[in-house]
Amino acid sequence: MNISQALSFVLILTASSFADDPRTVFERRILPILNSPKPSSCAECHLSGVDLKDYLRPDPTETFVALRDAGLIDVKKPKESKLLTFIRRKPEKTSLIPASVREEELAAFSAWIEAAAADPKFRDAKQKVTTTGPKVPVEVVRHGRSDQVLASFVEHIWSESLRCAACHSPRLNKEQVKKHGERISWIVPEDPAATLQKLLDQGLIDLEKPTQSPILLKPTLQVEHGGGQKMLIGDRSYKQFLAFIEDYAASAQGQYRAARDLPAPLAEVGRATDIWFKLTDVPESFDKLLLQVDVYRTDASQPGGWSRDRWATGDRAVFGKGKLWQQHLTVTAPRNSQRAKDLAAKPMLPPGKYRVVVSVDRTGRLAKNPQETVNEQDHVATFEIESQWPTGYGAMTAAKMPALRQ
Ligand code: HEC
Ligand code: HEC
């Protein structure tokens with residue numbers, strides 16, 4: 001062995017014995033993760049509620065004991081430690097977090113856990129058991145999971161985006177793109193996750209002030225909108241959009257601390273359809289007011305002969321001069337009911353006899369407070385109708401609005 005070979009041999013020896021010392025590994029490779037302002041790889045699937053940092057403390061022995069006692073480090077089979085399986089998890093399509101972040105975390109934690117599990121000072125350390133992991137209850141961790149967030153996005157926004165697709169989906173908006181540029185295409189066809197990401201990236205969702213989100217300001221004409229008025233403050237779409245944005249913001253900012261802070265799921269599920277409904281002879285005095293139609297089906301088992309829950313709904317501003325109201329219907333069902341399942345597979349209204357209840361927000365109550373819903377006092381007409389409920393704008397079901405109830 002010549003001198004330079006001997007030297008490199010010594011260097012390798014010291015480097016590897018250094019690298020194997022659990023304390024050194026912890027200081028060099030784990031502490032930087034704890035102190036980094038950047039999100040860990042967990043953020044890709046957990047919008048909030050849990051982060052790798054939640055499992056770390058500045059002291060290596062304390063960190064180890066807490067993880068070991070919580071069953072997250074397996075001292076006998078360190079490679080199979082549960083914490084490593086958490087880190088190994090990756091979504092099919094990774095986008096938010098560079099792959100290198102996960103690889104570095106995995107390499108660092110594997111090295112440290114293996115070294116520490118082999119070192120009696122760590123493996124057999126006896127200390128008062130301390131807690132480790134998420135600081136919020138499991139309900140909050142679940143609520144903040146990306147798959148849950150995405151399901152909520154689909155229910156609240158994606159399901160309504162049919163109303164916006166003609167101008168905002170790249171499949172349908174070639175002309176608008178020529179005039180307004182690519183950013184008009186905020187819908188990614190058949191990809192709600194990418195659509196949500198796009199809305200966030202383009203700043204169309206305002207997490208600080210949800211009601212100031214361009215996705216609400218534009219279609220309600222609170223600011224100029226190339227597509228004109230597509231929503232009213234307080235209507236169904238508005239409520240659903242706002243509920244999602246508020247929930248997303250609260251989650252992303254870690255505002256949920258307990259299960260009771262979480263919003264209740266919607267009692268009703270809805271699917272937009274291409275079934276159109278038109279009311280003629282609408283009083284001109286209702287011009288620009290929010291008119292809501294609720295549709296009930298015949299049901300002999302119910303006292304009045306009509307279903308207790310509505311089967312469809314639609315709401316939109318009245319066109320006073322034309323004495324006209326028209327809108328596509330959203331079919332609805334109580335959450336978890338058989339009909340809810342049927343609607344998810346095929347959104348439709350069976351042909352037959354229905355009862356139509358018309359309500360108008362005459363006092364502008366919903367516009368002032370979007371949390372409000374129409375009630376008995378807003379009912380202006382009730383009538384029966386029979387329809388096949390065909391789809392398509394050209395095959396619209398029409399009805400004459402009866403004289404006002406006094
Ligand atoms: C690929 C997506 C994905 C990644 C990345 C991910 N998780 Fe999860 N996590 C999930 C899913 C899905 C569940 C719920 C189902 C399950 O437990 O298998 C879950 C559940 C959990 C739970 C249990 C909560 C409960 O419901 O009981 C904890 C704790 C957790 N993850 C921590 C982490 C940590 C820490 C990281 C980062 C090191 C991480 N996860 C990375 C998808 C992921
Ligand atoms: C008839 C066509 C049309 C429809 C339908 C339409 N829009 Fe638009 N929208 C436009 C045009 C044109 C623009 C670009 C000019 C502008 O910014 O106002 C636009 C811009 C926007 C923008 C700003 C996009 C950006 O990043 O610059 C948002 C947000 C938006 N619309 C939301 C909606 C929502 C939500 C709906 C459905 C409820 C909707 N629009 C329905 C035509 C439409």
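Sixteen residues surround ligand 1, and those that come nearest are Cys 42, Cys 45, His 46, Arg 89 and Arg 142, out of the 16; a residue counts as near if one of its heavy atoms lies within 4 Å of the molecule or strand. Before we go on, please note that this is a predicted model, in which local features need pLDDT of at least 70 and side-chain atom pairs count only at pLDDT 80 or more, while totals for chains, interfaces and linings use all residues. Residues are numbered from 1 along each chain as its sequence is written, chains are lettered from A and ligands numbered from 1 in the order in which they are written, and side-chain values use heavy atoms, with hydrogens and water left out.

**The two iron sites**

Which protein residue gives a donor to the iron atom of ligand 1? That residue is His 46, whose NE2 atom is the single protein donor, 2.1 Å away. Donors here are N, O and S atoms within 2.8 Å of the metal (3.2 Å for Na, K and Ca); water is not among the atoms, so sites may look incomplete. You will find His 46 in the loop between helix H2 (22–35) and helix H3 (60–69). Helices (H or I, at least four residues) and strands (E, at least two) are DSSP runs, numbered from the N terminus.

Now for ligand 2. Its iron atom has the protein donors His 168 (NE2) and His 225 (NE2), lying 2.0 Å from it. This pair links distant parts of the chain, 57 residues apart: His 168 belongs to helix H9 (residues 162–168), and His 225 to the loop between helix H12 (214–217) and helix H13 (236–252). Why is the arrangement around this iron atom called octahedral? The six donor atoms subtend angles of 86 to 178°, which makes it so; six donors count as octahedral if opposite donors are over 155 degrees apart and all others between 65 and 115.

Are these two histidines buried or exposed? His 168 is buried, with a relative accessible area of 13%, and His 225 is buried too, at 17%. Buried means under 20% relative accessible area, exposed over 50% and partly exposed in between (1.4 Å probe, protein chains only).

Both ligands also have polar contacts, pairs of N or O atoms within 3.5 Å (within protein, one must be able to donate a hydrogen and the other to accept it, and residues adjacent in sequence count only if both atoms are side-chain atoms). Here are some that involve a ligand oxygen atom.

| Residue | Part of residue | Ligand | Distance |
|---|---|---|---|
| Arg 89 | side chain | ligand 1 | 2.6 Å |
| Arg 142 | side chain | ligand 1 | 2.8 Å |
| Arg 183 | side chain | ligand 2 | 2.7 Å |
| Lys 218 | side chain | ligand 2 | 2.7 Å |
| Gly 226 | backbone | ligand 2 | 2.8 Å |

**The sheet**

Let us turn to the strands. Seven of them form an open sheet with mixed pairing, in the order E6-E5-E2-E3-E4-E1-E7; two strands pair if DSSP finds at least two bridges between them. Strand E6 (379–387) and strand E7 (397–400) stand at the edges, each with a single partner strand, so one side of each is left without a neighbour in the sheet.

Strand E1 (residues 268–280) pairs with E7 in the parallel sense over four bridges, and Leu 279 stands opposite Ala 399 in E7. E1 and strand E4 (residues 325–334) pair in the antiparallel sense over nine bridges. Antiparallel as well are strand E2 (residues 290–297) and strand E3 (residues 312–317), joined by six bridges.

Methods: Four donors count as tetrahedral if all angles lie between 85 and 135 degrees; four count as square planar and six as octahedral if opposite donors are over 155 degrees apart and all others between 65 and 115; anything else is irregular.
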